[in-house]
Amino acid sequence: MQNAEPVAKTAARSSYLYLRHRWPIRLMHWINVAAFLIMLMSGLAIFNAHPTLNWGLSSYGDSPVVLDISAQPSAAIGAVPGQRIGQTEILGYRFNTTGVLGRSKNSAGVWVDRAFPSWLTIPGFYSLAFARDWHFFFAWIFVLNGFAYVGYSAYTRHLRRDMWPTGSDMRGIWVSIKEHIRFKHPQGEAARTYNVLQKLTYLFVIFGLLPLVILMGWALSPGMNAFAAGWVDLFGGRQAARTLHFIAAWALVAFMLLHVFLVIAYGFWNHMRSIITGRYRLDLATEAKNDALGLSDLVNVPAQSDATNPAELATRQSNPEQATRKISLSPMSETTNMERKDGQ
């Protein structure tokens, strides 16, 4: 009980706002969100024109079927003559997906044969021409915005300083995995930096999935095939490229859903404020309490050198108790001396 009073005093002033994302990062983030969602929905409308994925040069002949979404006559006992069901086939395994995939109701409430439902596509009605216009327009916005993000991040050294995992990060990867499984996230100053799983995931998405989905999209363009004949065959053919494009796009959807889930789980309003206004609130109450009780190493990952200035970092490492006292006395307001240069 000797530590109760210091903990209470430390918690009295135990949070502050700092600039987490500068305006270029925030702007490019929301452009990415809008462009990706429109590309996804218009892409599903394009898929509806030929709701089958094959592996090979073409969709004719004996090309293996990877995915097929269709409407078939119902074979169920007691089915009404002419009744149809939605059916999805994945690598030879068939599933009844009536109401969602293959057969669903349109905006007028009428049952129609359609791979993806109208509420999930742009446009909601069937029009391959309109879907292609939406898809290609926002695809170029997505690509240009991506190049702008990488260029800005490289110029500000954000990629090198904040997203490239260090040897220490890699050695602590299993600890990070365990913390994520237990839904424990860094507290206090440690929350200023990406953990190793975030770094690896962002790098995989930026330099893996995104280039793949863009490259396979280009592979579907006759113009790109004419520009450099034969390069599509390196990926197994045009239909194989279409399949890879589809898989990469849904892998990005999975990343986006996981990203949103973690935002909700680890502080929805705080994260939303940071990506809208740039300001993120660090709550040092938990960190101060753990420092006072000698438990900080159990819940916190040490902050990287770019998270604080060198003098502050040295103080915290050599005398954690003094550093905790110093931070706890800082006002609950925006700080400038601890803002990161790139704002990410």
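Which residue takes a positive phi in the hairpin of S4 and S5? I went to this turn at the outset, keeping in mind that the model is predicted, and found that Leu 91 is the residue with the positive phi, near 50°, in a hairpin that leaves two residues between its strands.

I then followed the strands themselves: S4 covers residues 84-90 and S5 covers residues 93-96, and the two are paired in the antiparallel sense over four bridges. To fix the register I looked up Gln 87 and noted that Asn 96 in S5 stands opposite this residue.

Next I turned to the rings, for which the count comes to 14 aromatic pairs. One of them joins Trp 231 and Phe 235, whose centres I find 6.2 Å apart with 90° between the planes, an edge-to-face arrangement. I checked the accessibility of both partners: Trp 231 is buried at 17% relative accessibility, while Phe 235 is partly exposed at 28%.

I also looked up Phe 268 and Trp 269, where the ring centres lie 5.0 Å apart and the planes meet at 75°; since planes over 60 degrees apart count as edge-to-face, the pair is entered as edge-to-face. Here Phe 268 is partly exposed, with 32% relative accessible area, and Trp 269 is exposed at 69%.

Tracing ring pairs further, I came to a cluster in which Phe 47, Phe 116, Phe 246 and Trp 250 are linked.

My last entry concerns a charge over a ring: Arg 20 lies over the face of Tyr 280, and I noted a distance of 4.1 Å from the ring centre.

Note on methods: Residues numbered from 1 in each chain as written. Predicted model: local features only at pLDDT ≥ 70, side-chain atom pairs only at ≥ 80, totals over all residues. Heavy atoms only, no water. Pairing = 2+ DSSP bridges. Phe/Tyr/Trp six-rings, centres within 6.5 Å; stacked < 30°, edge-to-face > 60°. Buried < 20%, exposed > 50% of the residue type's maximum accessible area, 1.4 Å probe, protein only. Lys NZ or Arg CZ within 6 Å of the ring centre and 35° of its normal.
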